[in-house]
Amino acid sequence: MICRRIVVRGRVQGVGFRYSARTAATRLGVAGQARNRDDGSVEVVIEGSAASVDAMLEWLAGGPPGARVDTIEVFELTPIGASGFVIAE
């Protein structure tokens with residue numbers, strides 16, 4: 001089990017990014033959360049198997065249709081045993 005915090009920059013707010021991330025996370029079997037940040041980026045925390053987290057990172061690098069991902073920053077965190085995926089406010 002691994003955990004990562006990802007900051008996604010580009011045109012990622014107002015395009016359904018967080019909701020699409022929840023759908024992708026559920027499909028890929030990762031837990032976590034997504035939230036908009038005040039600087040226009042989206043922060044995502046994901047936890048799961050290394051293969052699932054890698055697949056989710058690949059999805060985040062492209063995002064949903066209508067989004068434009070310019071950069072992603074990935075930070076390693078200690079897993080906490082999260083379950084489900086939520087949209088944080």
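This passage describes how two helices pack, the nonpolar core they share in, and two residues on and beside strand β2 in a predicted model.

The model is predicted, and local features are therefore reported only at pLDDT of at least 70 and side-chain atom pairs only at pLDDT 80 or more, whereas totals for chains, interfaces and linings use all residues. Residues are numbered from 1 along each chain as its sequence is written, and side-chain values use heavy atoms, with hydrogens and water left out.

Helix α1 (residues 17-28) packs against helix α2 (residues 50-62) at an angle of about 150°, the two axes lying 10 Å apart; helices (H or I, at least four residues) and strands (E, at least two) are DSSP runs numbered from the N terminus, and axes are lines fitted to C-alpha atoms, for helices over the stretch in contact, with angles running from 0 to 180 degrees between N-to-C directions. The angle makes α1 roughly antiparallel to α2, a term applied to angles over 145 degrees. Contact, defined as heavy atoms within 4.5 Å, joins Phe-17, Ser-20, Ala-21, Ala-24, Ala-25, Arg-27 and Leu-28 in α1 to Ser-52, Ala-55, Met-56, Trp-59 and Leu-60 in α2. By class, this contact comprises nine nonpolar, two polar and one charged residues, where Ala, Val, Leu, Ile, Met, Phe, Trp, Tyr, Cys and Pro count as nonpolar, Asp, Glu, Lys and Arg as charged, and the others, Gly among them, as polar.

The largest nonpolar core, a set of buried Ala, Val, Leu, Ile, Met, Phe, Trp, Tyr and Cys residues joined through side-chain atoms within 4.5 Å, has 20 residues, and those with the most contacts inside it are Phe-17, Val-44, Ile-46, Met-56, Trp-59, Leu-60 and Phe-85. Two or more residues are given to this core by each of β1 (2-11), α1, β3 (42-48) and α2, with α2 giving the most, five residues. Not counting residues up to four places away in sequence, Phe-17 touches Val-8, Val-12, Val-42, Trp-59, Leu-60, Gly-63, Pro-64, Ala-67 and Val-69.

Ser-41, in the loop between β2 (31-36) and β3, counts as buried because its relative accessibility is 1%, the limits being under 20% relative accessible area for buried, over 50% for exposed and in between for partly exposed (1.4 Å probe, protein chains only). Among the residues that Ser-41 touches are Val-7, Val-8 and Arg-35. Arg-35 lies in strand β2 and is partly exposed, with a relative accessible area of 29%. Although Arg-35 and Ile-87 are 52 residues apart in sequence, their C-alpha atoms are 6.1 Å apart in space.

Note on methods. Parallel < 35°, antiparallel > 145°, perpendicular 65-115°, else oblique.
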